[in-house]
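Here is a quick briefing for the bench. Keep the sequence and the 3D view open while you read.

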Amino acid sequence: MSDQISAAVAQARLGEHQATHQPREHTSGFVVSSLMAVLFGVFGFGSLFAGGPAYLSIIFTPVSIAAAWWAVKMGRKAANKGKVQLDLFEHGMTFIDHRGKLSAFRWDSMQVKQTILKQKADFGMVSSTSFSYKVYGDDGAEAMIEGSHEGNAAVDAWGPAIQQAVTKAQLPRLLALFRQGETLRFGTLTLRWDSLAAKDKVWAWDQLEGAWAANGSIYLREHGARRNHMLSEISRIPNFYIFSTLLDLRLDAERE
């Protein structure tokens, strides 16, 4: 372990080292972005310097610049992907991104937002799975940890390990507060022992028949309703594992 990581671990009191991972950051967009930058550049800048129609330059030049910017970003990630390192500890984690920036987080105070996307090719077959975990520390630190798989493979073990560690550290305290009637906020969603609220609606628990996750979102079914209600995209819910556990627990209690 480097001196830099050791110092961060000691300062944040992260405890014993448990695992090291090297997540595979997304770099596949480099070739596509480069080709787009060249193609749109021909139409945009070519029209500008050749005295062609002005509207071609107005439309294609900004697109070419944006594609070139994205290609540079992906190229830097590809060149420096060996620097990426995730270390899991007893009480938290450290992450070094492709720029060499080190961030430290504690399980008992961090928030995680997850996004998992399955890209489908012909005949509905999954061609690749990409995933990202954006983590936030109570000291303002942020990090985006990304990876991808070809085909319908499982997400790398480090993703669920982070979510499970955060849940283990924070759930007991939040569950006690929940049972005591305290308000728990998960982004735009609010849980109370007597109600569930989104920013535009409030449900008493006896109004709800059930809840489940599908296609990257959480859905609710109200008693007697013909259609399901999309509550939120999972990627917008901080500490989704905790939210889901509390939601299921309260719905189960209502059924008893």
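The notes below cover the nonpolar cores, a run of paired strands and one serine.

This is a predicted model. Its largest nonpolar core holds 42 residues. A second, separate core has six residues.

**Nonpolar cores**
- Seven members of the 42-residue core touch the most other members: Met 93, Met 110, Ile 162, Leu 191, Leu 196, Leu 231 and Phe 243.
- Helix 4 (residues 158-179) supplies the largest share of this core, seven residues.
- Met 110 touches Met 93, Phe 105, Val 135 and Tyr 136, among others, leaving aside residues up to four places away in sequence.
- Further contacts of Met 110, counted that way, include Ile 162, Val 166, Gln 170 and Asn 239.
- The second core includes Ile 5, Val 9, Phe 89 and Ile 96.

**Strands 8, 9 and 10**
- Strand 8 (residues 184-186) and strand 9 (residues 189-192) run antiparallel, joined by three bridges.
- Phe 186 faces Leu 189 of strand 9.
- The two strands form a hairpin with two residues between them. Gly 187, in the turn, has a positive phi of about 65 degrees.
- Strand 9 also pairs antiparallel with strand 10 (residues 195-198), again through three bridges.
- Arg 192 has Ser 195 in strand 10 as its bridge partner.
- Two residues link strand 9 to strand 10 in a hairpin.

**Ser 217**
- Ser 217 lies in strand 13 (residues 217-222).
- Is Ser 217 buried or exposed? Ser 217 is buried, because its relative accessible area is 7%, under the 20% cut-off.
- Beyond residues up to four places away in sequence, Ser 217 touches Trp 212, Met 230, Ser 232, Glu 233 and Ile 234.

Notes
Residues numbered from 1 in each chain as written. Predicted model: local features only at pLDDT ≥ 70, side-chain atom pairs only at ≥ 80, totals over all residues. Heavy atoms only, no water. Helix = DSSP H or I, 4+ residues; strand = E, 2+ residues; numbered from the N terminus. Buried < 20%, exposed > 50% of the residue type's maximum accessible area, 1.4 Å probe, protein only. Contact = heavy atoms within 4.5 Å. Core = buried A, V, L, I, M, F, W, Y, C linked by side-chain atoms within 4.5 Å. Pairing = 2+ DSSP bridges.
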